[in-house]
Amino acid sequence: MAQTRSDLQDYGARRRELLAVPSVPGAGSQLRRRGLSALTDSWLRQVFAEACDETGGTSPVALVAVGGYGRGELAPGSDLDLVLLHSERGPSSAVGALAEKIWYPVWDSGVHLDHSVRTFEEARRLASSDLAVLLGLLDARPVAGDTAMVQRLRSSVLGDWRAAARRRLPELWTSWEARGARAGDLRHDLEPDLKEGRGGLRDLVALRAVAASWVADRPHRDVDAAVRRLADVRDALHLSSGRSTNTLVLQEQDRVAEMLGLEDADALLREVGAAASAVTHAADVTWRRALQATRPQRSRFVRGRPTLRLLGPGLAEHDGEAVLTAQADPRSDPFLVLRMAARAARAGLPLSTSSVDRLVADSLPLTEPWPEAARQLVVDLLGAGPHLVPVWEALDQAGLVSQLLPEWDRIRHRPQRNAVHRFSVDRHLLEAAVCAGPLVREVGRPDLLLVAALLHDIGKGAESDGVDHSTAGEPLARAVATRMGFDDDDVATLALLVRHHLLLVETATRRDLDDPATVAGVVERVGDSSTLALLAALTRADAVATGPAAWSEWKAGLVEDLVRRVGARIGGAAPPPTPPWNPGAGHVVRPDRLTVTAEPGEALTWTVTVSAPDRTGLFAAIAGVLALHRLSVRSAQARTEEGMALDVWTVQPDGELEPHVSLTDVLGRDIARALAGDLDLTQRLTARDANRRPPATPTPAPRVDVMDAASESATVVEVRAADRPGLLYRLGRALALMGVSVCAARVVTLGAEAVDVFYLQDGAGEPLEPGTCREVVRLLGDAAA
């Protein structure tokens with residue numbers, strides 16, 4: 001034992017010497033972890049040999065490193081995870097005596113020890129029933145003794161795991177999910193658990209197990225670098241605190257940042273968040289692949305070919321993912337990134353990693369300012385609800401968000417040093433857009449609300465002395481909105497919303513609402529009722545996204561009271577203008593005759609112009625034929641003058657158009673058939689919609705409002721609803737069944753929101769009677785539901 005005591009002193013001194021040497025983060029820290037593992041191996045071999053000499057030995061027996069030590073990645077404060085493995089031959093008392101001779105020197109060294117003594121069969125049996133044992137033994141490495149027995153055990157455990165993987169993988173996934181829910185998320189926590197939290201070091205252990213099962217591989221390069229970075233942070237935490245801890249508490253963050261050569265604690269948390277995002281993304285991809293692979297092959301292939309469900313031009317669903325089709329060409333379609341993201345989020349689908357790789361390699365940058373189609377796709381994506389978050393984060397992980405929105409780099413993974421915030425700045429902005437989704441029916445411009453939600457905190461990280469994040473964010477928001485192609489008025493509105501996104505809540509909770517100056521100050525800043533509605537919705541979305549502590553019934557009541565008082569001072573919104581009579585240069589209006597022209601426009605859109613003698617049901621017939629041919633309506637204007645109707649529609653195909661087919665001829669023929677009663681649009685559209693996949697995210701109930709005093713010659717009704725195929729046909733058909741004429745209409749699709757304004761007259765060309773108007777409102781609400 002004297003030699004062992006000397007060796008113990010030598011091990012302790014050499015260990016302290018190794019840990020005292022400053023290491024360069026990255027390769028230097030990894031070399032230190034490996035060096036510490038090698039030093040510990042050497043010492044334990046001596047301890048093992050002396051223990052065998054003193055007890056007379058027992059055969060066969062081996063000392064096995066498992067877990068992180070088994071991988072040769074020993075952190076300064078890590079436990080030594082050791083198993084004394086032996087055969088069933090020989091008395092158990094001899095094995096117990098040997099174990100004590102090994103464990104006591106380790107305890108005396110002050111290093112934490114996690115130990116067990118097991119036979120070969122016990123270890124194998126436990127690995128088949130206990131995931132924690134399995135995960136440790138998958139990294140089993142012989143330190144001393146019978147190396148061949150350790151290799152046989154590792155091979156047996158691997159074989160058993162692979163044989164049972166399709167049954168046990170769901171169990172491992174469930175435990176992974178539960179651990180993440182219990183230990184928090186490294187990307188957002190102010191005091192992250194570097195080991196157990198979502199995106200932490202323990203996630204790599206689960207991913208290695210999935211890869212070892214041969215059911216699915218895991219991403220390697222990016223995630224391995226991220227895990228090394230997290231291990232560097234944990235090393236520094238151990239050295240800084242002098243304790244074996246995995247929680248990066250606030251009081252240690254500045255010191256750890258200094259040890260890693262980072263500017264401050266915020267920079268440290270951004271590094272941790274970036275690494276955790278890479279690990280989380282890899283885990284999501286790996287688990288998706290693994291769980292897909294456990295499903296029967298017949299659900300994924302038909303006659304050996306992958307099953308595809310079209311999502312749009314160049315896009316399809318395969319095996320639960322949004323993928324690019326073989327016909328998709330990112331090099332000639334600059335809208336493909338945004339279209340894929342929007343369609344995937346709307347369908348509740350993750351993005352295929354191979355398709356994202358194609359986009360990264362070949363996608364074209366958008367021209368600036370962006371075409372309207374690109375802007376609408378962004379709005380569509382932002383309004384997709386909770387599925388926005390994983391799709392956006394997949395694009396961000398691939399570097400595609402930085403190409404679209406360079407300002408995002410400043411707030412990516414930026415921590416929020418405020419206890420009421422649940423998320424980092426970038427995730428908070430996404431959550432604000434999600435929370436704004438249910439509020440789009442409360443505003444006249446849902447596109448501005450969603451974009452403002454995305455940008456309202458874009459100024460965080462750009463603050464300076466005397467300039468808060470709201471003020472700093474105003475010029476950034478103005479630059480982004482201009483790049484997106486918004487007109488000057490919309491740019492000004494978005495800049496105002498970002499600049500004053502805290503105005504309502506701060507005024508409502510800090511000022512006397514009975515003081516006329518309080519309301520007057522808000523009126524001066526807001527200006528009009530439309531902006532007030534946007535600001536009120538943004539205030540709610542921001543607060544709800546922040547967390548429960550930021551929004552309460554009391555606070556909501558104060559804000560609502562302030563909004564009511566300001567709204568009363570400002571007055572109502574101006575009615576929408578009547579659509580102009582503008583057939584365009586390519587369309588000739590022929591009296592007493594149906595005429596249809598279809599001309600290609602930008603970003604895969606077409607302009608369809610229809611003129612015809614006005615009649616009840618004309619609007620519905622046109623809308624139905626467009627829906628039948630899978631042409632999504634982006635906008636439309638309809639106007640009737642002197643008995644002639646002129647409808648101009650901007651549409652986008654949901655798939656590839658048939659080559660060598662004239663869209664003008666096809667639409668003209670089917671509109672004529674529908675008007676003649678030879679084409680049953682209701683039956684055709686109902687049959688097709690029966691197989692349509694329901695929306696991934698529930699949408700708010702439609703809203704139908706009568707706009708009083710908007711017109712002297714017609715009743716003006718506005719319908720706000722979630723856009724979907726055939727919506728305009730159902731609305732038009734409801735009006736036709738009531739015998740109501742559409743003398744004018746203004747239709748616009750803002751992302752996934754349809755805002756449709758109809759100017760309605762009865763059979764005598766007069767505004768609707770009150771009773772008829774109430775029935776029309778009810779029928780339109782039913783049709784839009």
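Me: Which residue is the bridge partner of His318 in E9?
Reply: Glu321 is the one paired with His318. Strands here are DSSP E runs of at least two residues, helices are H or I runs of at least four, both numbered from the N terminus. The model is predicted, so local features need pLDDT of at least 70 and side-chain atom pairs 80 or more, while totals for chains, interfaces and linings use all residues. Residues are numbered from 1 along each chain as its sequence is written, and side-chain values use heavy atoms, with hydrogens and water left out.

Me: How many bridges join E8 to E9?
Reply: Four, and E8 (residues 315–318) runs antiparallel to E9. Two strands count as paired if DSSP finds at least two bridges between them.

Me: And what's the strand order in the sheet?
Reply: E7-E8-E9, an open sheet with antiparallel pairing. E7 (309–312) and E9 (321–324) are at the edges with a single partner strand each, so one side of each has no neighbour in the sheet.

Me: OK, switching to H10. Which residues are buried there?
Reply: Glu252, Gln253, Val256 and Ala257 are, in a helix covering 250–259. Buried means under 20% relative accessible area, exposed over 50%, partly exposed in between (1.4 Å probe, protein chains only).

Me: Why do they line one face?
Reply: Down the axis of H10 they fall within an arc of 135 degrees, so they line one face. That arc is taken from the directions from helix axis to C-beta atoms.

Me: What do they pack against?
Reply: Helix H9 (221–241) and helix H11 (265–293), with contact meaning heavy atoms within 4.5 Å. On the other side of H10, Gln251, Asp254 and Glu258 are exposed.
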